[in-house]
Amino acid sequence: MTTDPIADYLTRIRNAISAKHRVVEIPASKTKTKLTEVLQEKGYIRGYKLVSKPDSVQPIIKIALKYDAFTKQSAIVHLKRVSKPGLRKYSTAAAMPTVINGLGIAILSTSKGIMTDKEARKVHVGGEVLCYVY
């Protein structure tokens, strides 16, 4: 049992990238699955699959990481957890953060679900800033 499952999710991806793994397995939850969907939509990962193991109650997310064919560089250069259990960070639609002048994305948890900063600005909704990805 972890205190911060989102930080654990990001750390597992970060560790897999630094070890040049092609696939990383993460215990699944609705929030982690939605975060993975956003990463796939924006092209940071190749794909994912939900797998239920026969001996386990909790399913697993298998994430296929994306690397450049020539330079072997990962599509994800940096993952940063913003809002933590000890200090939550919220943002309004007007004061939405931009990551590297719009080159990266901020993933938010809003009342309309988990979405990127650009989508939240379009819908004009604020929320908790979960992480930055670039």
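Me: Why is Asp117 called buried or exposed, whichever applies?
Reply: Asp117 has 1% relative accessibility. Buried means under 20% relative accessible area, exposed over 50%, and partly exposed in between (1.4 Å probe, protein chains only), so Asp117 counts as buried. A word on the background: this is a predicted model, where local features need pLDDT of at least 70 and side-chain atom pairs count only at pLDDT 80 or more, while totals for chains, interfaces and linings use all residues. Residues are numbered from 1 along each chain as its sequence is written, and side-chain values use heavy atoms, with hydrogens and water left out.

Me: What makes Asp117 and Arg121 a salt bridge?
Reply: A salt bridge is a side-chain nitrogen of Lys or Arg within 4 Å of a carboxyl oxygen of Asp or Glu. The closest N and O atoms of Asp117 and Arg121 are 3.6 Å apart, so the pair qualifies. Both sit in helix α3, 4 residues apart, which means about one helical turn separates them. Arg121, at 30% relative accessibility, is partly exposed.

Me: How do you know that Lys62 and Glu25 form a salt bridge?
Reply: Their N to O distance is 3.5 Å, so it falls within the limit of the definition. Lys62 lies in strand β3 (residues 60-65) and Glu25 in strand β1 (residues 23-27), so the pair ties together parts 37 residues apart in sequence. Strands here are DSSP runs (E, at least two residues) and helices are runs of H or I with at least four, numbered from the N terminus.

Me: Why is Lys62 called partly exposed?
Reply: Lys62 has 32% relative accessibility, so it counts as partly exposed. Glu25, at 35%, is partly exposed too.
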